[in-house]
Amino acid sequence: MPVLPDRLSRPALTSLLAAAALAVACAVGPAGDAWAQQEPASAAQAPQAETGTAPKTEAAPQTTDAEPKTESAPNAAPGAEVAPTAAPVPAAPAPTFRHAVSLMGTPKYPAGFAHFDYVNPQAPKGGQVRLAEDGTFDSFNIIVPRGTPAAGMGYIYDTLMASSSDEVASEYGLIADGVAFPDDFSSVTYRINPSARWHDGTPITPDDVLFSFEALTKNNPSQRFYYSHVSKAEKTGDREVTFTFDQAGNRELPQIVGQLMVLPKHWWTGTDANGKPRDIAQGTLEPPLGSGAYKIKSFAPGRTITYERVKDYWAQKLNVNVGKNNIDEIRYEYFRDDTVMLEAFKADQYDFRQESSAKNWATAYDFPAVRDGRVVLEKFEERARGVMQAFIPNLRRDKFKDPRVRRALNYALDFEGMNRTLFFDQYIRVNSFFSGTELASSGLPQGRELDILNSVKDKLPPEVFTTPYTNPVNDGDEARRNNLREAVRLLKEAGWSVRDEVDPENPPGFFERVLIFVGASRPVTHKVLRNAAGEPFTLEILLQSPAMERVAVFYQPALQRLGIKVSIRLVDSSQYINRIRARDFDMIVAGWGQSLSPGNEQRSFFGSESADREGSQNYAGIKNPAVDALIDKVIYATDREDLLAATRALDRALLWNEYVIPAWTLNYSRTARWNRFGHPTPLPTYSFAFPEVWWFDPALGAKAAAKPSATPSATPGAAQ
């Protein structure tokens with residue numbers, strides 16, 4: 001969710017919380033150099049799929065759990081007269097329920113499977129894991145996009161379906177034990193598991209599902225848009241709820257609904273301990289009732305929160321949960337910034353850290369606990385996501401509307417110098433909105449991809465068809481000078497001219513004015529970029545993370561050489577969130593994480609409808625009919641090859657419109673952990689799933705605690 005120091009911030013929660021925080025705030029969390037650090041279902045996340053990058057549904061034949069029911073008609077008595085009757089109206093066929101759905105074909109696991117392959121079904125239960133967040137929290141309500149929800153809230157709620165971490169886009173029954181939909185995907189019916197219970201023992205019902213959907217879409221603008229194709233939600237049986245869509249053929253809609261986080265209607269419509277009616281539209285620090293594997297044990301507002309494993313959790317023996325949720329307590333400590341957080345890790349004040357700073361990874365982990373094996377440094381390959389991290393200009397402002405201006409800003413970014421000087425040459429430049437996946441475009445369009453692009457050819461830059469997209473390269477002083485010259489040329493074409501002017505903020509003193517008057521000196525001037533109306537080009541780079549400031553400072557001199565007056569504004573998390581919501585910024589450092597199966601979320605990222613909608617992830621304000629048409633091609637792709645072609649076509653349109661100044665990434669997560677935990681071997685294909693499938697190992701824990709850390713301690717919650 002969070003902007004990271006040299007990279008984008010990661011979401012602290014999943015599902016609804018990701019939408020409430022990440023979609024609104026470009027994410028607000030620990031700092032880092034590359035989006036590549038974010039791991040699905042990582043330490044900072046609940047073990048659910050993120051709504052913004054939802055797994056998709058597939059129309060391939062799938063195993064069913066129930067046979068269609070048939071009813072026999074009553075028999076007439078022999079010889080009796082039978083009055084003529086109208087032909088009976090045939091009853092609608094009973095739905096055929098499936099145990100799972102997958103956008104990629106038949107789900108890997110058949111009905112009745114024992115457990116996922118990547119778990120240890122005999123994993124011991126017990127122990128504690130301590131995690132860390134920066135900033136603060138002030139609410140346990142993850143529905144409304146106001147306030148800052150506590151990290152880990154997704155742990156207390158279950159969703160209709162649960163995702164698999166060794167498949168690209170498959171979901172299996174959790175609260176719902178069956179899912180049914182017609183061949184045209186025009187609706188979906190979920191059947192509630194009769195064993196599903198809230199923590200107070202009350203059964204989970206279709207009314208809870210309908211209440212959750214209504215509360216979510218009414219109170220969260222981002223989710224209202226995300227579920228906008230649901231035209232009707234209704235109870236269609238004692239255990240069934242049906243969602244009808246306003247269109248047919250959208251293959252992922254049934255599966256998106258399956259990610260719905262279900263809330264207890266009876267609790268939210270009840271009263272608190274003081275007899276005051278609860279209001280789901282407002283923030284609250286009353287621990288809410290849940291249905292998941294954990295519940296809130298204790299908390300100190302803004303400083304720490306602890307979740308405890310629910311010993312009689314209704315779904316603990318369900319196949320999607322076997323071997324998971326092994327740790328008894330999950331505790332989050334909050335720190336004022338990443339520097340304090342790092343020192344706290346060294347002092348053994350929390351257990352697991354995803355390192356998002358290249359500098360820290362290269363220089364900060366040479367301490368005794370690493371050398372003697374009590375702290376383990378490990379990199380995990382990223383296979384589950386693509387990414388575009390970038391400097392994002394606000395196209396709602398006139399100065400950024402011309403793509404030549406945005407391309408000029410790209411020419412001014414010296415990534416190679418930045419990578420060498422700041423990042424220890426650990427990164428590669430992002431060159432796609434789906435970087436790191438087979439969805440990324442390359443070379444020139446061909447075949448089906450070219451056919452798709454030709455359908456909107458008159459609305460695309462001609463370079464889409466003639467030139468592979470590349471970022472400018474600064475591989476030496478001459479290249480840097482040439483790139484700045486090209487930037488000046490592009491700005492001039494766009495109506496901006498560089499002028500030498502006396503700096504009004506640094507006027508000459510008395511003696512300097514005398515020397516200038518007699519011709520013995522000249523006034524000191526600076527370059528100013530102005531348009532035809534004489535307006536100067538000013539640029540404020542809005543940041544939330546102190547560690548990201550060094551990146552902006554590195555970028556600043558090249559922009560100033562172009563005559564741009566650059567200011568760098570560092571604000572706290574709350575102010576940052578509010579300014580992003582209000583679109584009150586010139587440029588931010590943010591981005592978009594992409595699943596391996598993109599679909600409806602692209603409308604929220606890049607669609608015209610979302611450009612002016614508060615809380616959407618269309619940070620740039622993109623409004624382009626060609627992009628809209630290509631997004632539809634992605635959503636309505638009929639098979640994997642069609643999806644690849646449509647996504648690559650969309651990628652080219654986004655790149656050649658120069659909507660962002662691409663930043664950097666890497667294809668693995670850098671992690672450090674105190675050596676107290678065991679894990680299955682191998683780990684799942686698409687996640688290292690900490691702490692979801694890991695467990696506390698008492699023997700390792702004793703060794704990790706054998707020697708005190710030599711690093712001075714840091715105080716949790718130091719900013720509070």
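Where in the model does Pro691 lie? Pro691 sits in the loop between strand 26 and strand 27. The model is predicted. This briefing covers two helix crossings that share helix 19, two cis peptide bonds, two residues with positive phi, and one open sheet.

**Helix 19 against helix 18**

- Helix 18 spans residues 625-635, and its axis comes within 8 Å of the axis of helix 19.
- The two axes cross at roughly 160 degrees.
- Angles over 145 degrees count as roughly antiparallel, so helix 18 and helix 19 are roughly antiparallel to each other.
- The crossing of helix 18 and helix 19 is left-handed.
- Helix 18 contributes Val627, Leu630, Ile631, Lys633 and Val634 to the contact.
- Helix 19 meets them with Leu643, Ala646, Thr647, Ala649, Leu650, Ala653 and Leu654.
- By class, the residues in this contact of helix 18 with helix 19 are 10 nonpolar, one polar and one charged.

**Helix 19 against helix 11**

- Helix 11 covers residues 447-454 and helix 19 covers residues 640-656.
- Their axes come within 8 Å and cross at roughly 50 degrees.
- That angle falls outside the roughly parallel range, under 35 degrees, and the roughly perpendicular range, 65 to 115, so helix 11 and helix 19 are oblique to each other.
- Helix 11 passes helix 19 in a right-handed crossing.
- On the helix 11 side, the contact uses Arg448, Glu449, Ile452 and Leu453.
- On the helix 19 side, it uses Asp642, Ala645, Ala646, Arg648, Ala649 and Arg652.
- The contact of helix 11 with helix 19 holds five nonpolar and five charged residues, with no polar ones.
- Ala646 and Ala649 of helix 19 appear in the contact with helix 11 and also in the contact with helix 18.

**Cis peptide bonds**

- The peptide bond from Thr681 to Pro682 is cis, and its omega is near 0 degrees.
- Pro682 lies in the loop between strand 26 (677-678) and strand 27 (695-696).
- Phe690 and Pro691 are also joined by a cis peptide bond, with omega about 0 degrees.
- Pro691, too, belongs to the loop between strand 26 and strand 27.

**Positive phi outside glycine**

- Phe185 is not a glycine, yet its phi is positive, at about 60 degrees.
- Phe185 is placed in the loop between strand 7 (176-180) and strand 8 (187-192).
- Relative accessibility of Phe185 is 4%, so Phe185 counts as buried; the cut-off is under 20%.
- Phe424 has a positive phi near 55 degrees and is likewise a residue other than glycine.
- Phe424 is found in the loop between helix 10 (415-422) and strand 17 (428-429).
- Phe424 counts as partly exposed because its relative accessibility is 40%, in between the 20% and 50% limits.

**A three-stranded open sheet**

- Three strands form an open sheet in the order 3-6-5, with antiparallel pairing.
- Strand 3 (100-102) and strand 5 (161-163) are the edge strands, and each pairs on one side only.
- On average, neighbouring strands of this sheet are turned by 25 degrees against each other, direction ignored.
- Strand 3 pairs with strand 6 (residues 170-173) over three bridges, in the antiparallel sense.
- Ser102 has Ser170 of strand 6 as its bridge partner.

Key. Residues are numbered from 1 along each chain as its sequence is written. This is a predicted model: local features need pLDDT of at least 70, side-chain atom pairs count only at pLDDT 80 or more; totals for chains, interfaces and linings use all residues. Side-chain values use heavy atoms; hydrogens and water are left out. Axes are lines fitted to C-alpha atoms, for helices over the stretch in contact, and angles run from 0 to 180 degrees between N-to-C directions. Helices (H or I, at least four residues) and strands (E, at least two) are DSSP runs, numbered from the N terminus. A crossing is left-handed if the near helix is turned anticlockwise from the far one by less than a right angle, and right-handed if clockwise. Contact means heavy atoms within 4.5 Å. Ala, Val, Leu, Ile, Met, Phe, Trp, Tyr, Cys and Pro count as nonpolar, Asp, Glu, Lys and Arg as charged, and the others, Gly among them, as polar. Buried means under 20% relative accessible area, exposed over 50%, partly exposed in between (1.4 Å probe, protein chains only). Two strands pair if DSSP finds at least two bridges between them.
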